Amino acid sequence: MSNDFYRISILPFAAIIIKICRAYTTSQEDFEDYYQEVCLQIWRSKDNFREQCSWSTWVYRIALNVCLTLVKKRKSKGHTYFSSDGLPDVVTIENRAFADEQLNQLYTAIRHLSEVDRALILLYLEEKSYGEIAEILGTNANNIGVRVNRIKERLKKIINGEFN
Amino acid sequence: MENSIETIWKEGFLHEKSLVVPRVNDLYNRKSIHLVDRLKRRLRLNLIMILVLAILFPVIGYFMQVIWQGVAASVLLLLTAWYNKRQIDRIKTLDQGATSFDYLRSFDRWLKDALSRSVKIARFSYSLYFLIAVSTAWSTWNEQTGGELSIAAGIIVAMATLVVFYFSDRIYRWDVRLMYGRVFRKLELTIAEMEKLKQG
């Protein structure tokens with residue numbers, strides 16, 4: 001991967017990739033692995049980009065696909081992030097990856113959601129329209145609003161239940 | 001919680017300095033280690049399997065009343081295990097190089113070298129295994145019928161041994177592909193991708 005490709009096509013979207021990767025990992029090591037894998041996959045699939053969607057949509061799609069695949073792979077290999085009560089096995093420093101404490105709490109809550117719900121809420125929080133969310137996730141836009149509301153309710157419950 | 005999740009998200013990332021981009025030049029370091037480790041594990045597993053067979057063959061031979069054939073197969077297997085162990089030990093002396101790319105390249109060279117040596121050895125060992133198998137079958141048959149080895153049968157066995165000798169390299173490669181094929185392909189793909197990455 002040339003420095004130019006990384007600087008021009010990936011770096012401006014690094015924040016997106018970081019936000020997504022953080023939602024699917026609980027340690028700094030895993031986060032870096034996921035981030036690198038996403039970058040590599042973007043580079044690998046650059047020739048498949050047909051400009052039917054924006055580059056950022058393309059990046060979102062790849063980042064989510066890579067994260068979902070890696071989570072699935074790790075699950076099949078017996079790696080678990082959460083104990084039976086649904087809480088992270090070890091509350092590590094990495095669970096506080098951000099300076100903003102409320103943001104850390106939100107991320108911890110997001111990690112309690114199913115993988116697909118995580119993807120959905122991340123896109124919603126990134127202010128993607130329901131149409132764009134449906135396009136990125138490859139689903140129907142009709143019930144996305146209802147699902148988003150349900151997820152938001154769940155997140156509130158998780159956050160209030162755990163931290164207040 | 002006072003703020004909505006939308007506000008937490010927006011304000012949280014507004015002044016967020018923790019969005020530090022990880023380094024990507026280490027992209028393949030862990031991948032390479034993982035790949036080589038996987039292959040080393042398989043090689044060790046193969047070694048253990050050979051040793052187990054080397055122990056089992058004389059025992060089976062004893063019960064089948066073909067003890068010498070069992071011992072011969074066992075000796076052959078032990079020699080194979082000793083040779084394989086020496087090959088595996090050579091991995092430790094490989095040039096780790098400055099990058100994981102260098103390491104993978106030297107590992108790939110070691111693999112190709114080890115395979116080409118093993119093919120030469122397989123020419124003789126496969127023929128010997130075949131002769132031991134024929135001898136076992138002959139002894140068992142002889143035990144039951146009391147027949148004698150005819151010249152025609154001897155010629156057929158000799159020709160079949162030559163055929164095995166001739167095709168042993170293909171049989172060996174097929175055998176190796178069956179056991180390590182996926183890891184080899186992964187190694188080739190990884191090296192090719194790393195080369196491409198370097199070029200941009």
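## A guided tour of two helical chains

Start with chain A: of the contacts between residues at least 6 apart in sequence, 63% link residues at least 24 apart. Two residues are in contact here if their C-beta atoms, placed from the backbone, lie within 7 Å.

Before you click further, note that this is a predicted model, in which local features need pLDDT of at least 70, side-chain atom pairs count only at pLDDT 80 or more, and totals for chains, interfaces and linings use all residues. Residues are numbered from 1 along each chain as its sequence is written, while chains are lettered from A and ligands numbered from 1 in the order in which they are written. The model scores are ipTM 0.77 and pTM 0.61.

**Stop 1: the whole of each chain**

Colour by secondary structure, where helices (H or I, at least four residues) and strands (E, at least two) are DSSP runs, numbered from the N terminus. Chain A shows 8 helices and 0 strands. Chain B has 5 helices and, again, 0 strands.

How much of each chain is buried? A residue counts as buried if 20 or more other C-beta atoms lie within 10 Å of its own, exposed if 12 or fewer, and partly exposed in between, with C-beta atoms placed from the backbone. In chain A, 31% of the 164 residues are buried; in chain B, 15% of the 200 residues are. For chain B, residues 24 or more positions apart make up 73% of the contacts with a separation of 6 or more.

Now colour chain B by pLDDT, the predictor's confidence in each residue, from 0 to 100. The average for chain B is 82, and 88% of its residues score at least 70. Among the elements of chain B, helix α3 (residues 67–92) has the highest mean, 89, and helix α1 (residues 5–14) the lowest, 83.

**Stop 2: the largest core**

Select C21(A), V38(A), A63(A) and L106(A): these have the most contacts inside the largest nonpolar core, which has 43 residues. A nonpolar core is a set of buried Ala, Val, Leu, Ile, Met, Phe, Trp, Tyr and Cys residues joined through C-beta atoms within 7 Å. Two or more residues each come from α2 (14–24), α3 (28–44), α4 (55–76), α5 (101–111), α6 (115–125), α7 (130–137) and α8 (144–163) of chain A, and also from α1 of chain B. Helix α4(A) gives the largest share, 8 residues. In soluble globular proteins, nonpolar side chains tend to be buried together.

Zoom in on V38(A). Beyond its neighbours within four places in sequence, V38(A) is in contact with I17(A), C21(A), I62(A), A63(A) and V66(A). Apart from this core there is another, of 5 residues, including F57(B), A72(B), A73(B) and I132(B).

**Stop 3: helices α3 and α6 of chain A**

The helix that carries V38(A), α3(A), counts V38(A) among its buried residues, along with Y34(A), Y35(A), Q36(A), C39(A), L40(A), I42(A) and W43(A). Its 17 residues reach 24 Å from first C-alpha to last, close to the 24 Å expected at 1.5 Å a residue. The expected span is 1.5 Å times one less than the number of residues.

Next, select α6(A). Since 8 of its 11 residues are buried, α6(A) is largely enclosed by the rest of the structure. Those buried are R118(A), A119(A), L120(A), I121(A), L122(A), L123(A), Y124(A) and L125(A).

Just after α6(A), stop at E127(A), in the loop between α6 and α7 of chain A. Although not a glycine, E127(A) has a positive phi of about 60°. Most residues other than glycine have a negative phi, and most peptide bonds are trans. E127(A) is exposed, with 10 other C-beta atoms within 10 Å.

**Stop 4: chain B and its packed helices**

Q65(B) also has a positive phi of about 60° without being a glycine. Look for Q65(B) in the loop between α2 (29–63) and α3 of chain B, where it is exposed, with 11 other C-beta atoms within 10 Å.

Follow on into α3(B) and select helix α4 (residues 100–145) of chain B as well. How do these two helices pack? Their axes are 10 Å apart, at an angle of about 170°. Axes are lines fitted to C-alpha atoms, for helices over the stretch in contact, and angles run from 0 to 180 degrees between N-to-C directions. The pair is therefore roughly antiparallel, the word for angles over 145 degrees; under 35 is roughly parallel, 65 to 115 roughly perpendicular and the rest oblique. Among the residues that meet are A72(B), L76(B) and Y83(B) in α3(B), with I121(B), L128(B) and I132(B) among those in α4(B).

Finish at Y166(B), in helix α5 (residues 151–199) of chain B. Y166(B) is exposed, with 11 other C-beta atoms within 10 Å. The C-alpha atoms of Y166(B) and R123(B) are separated by 7.5 Å, though the two are 43 residues apart along the chain.
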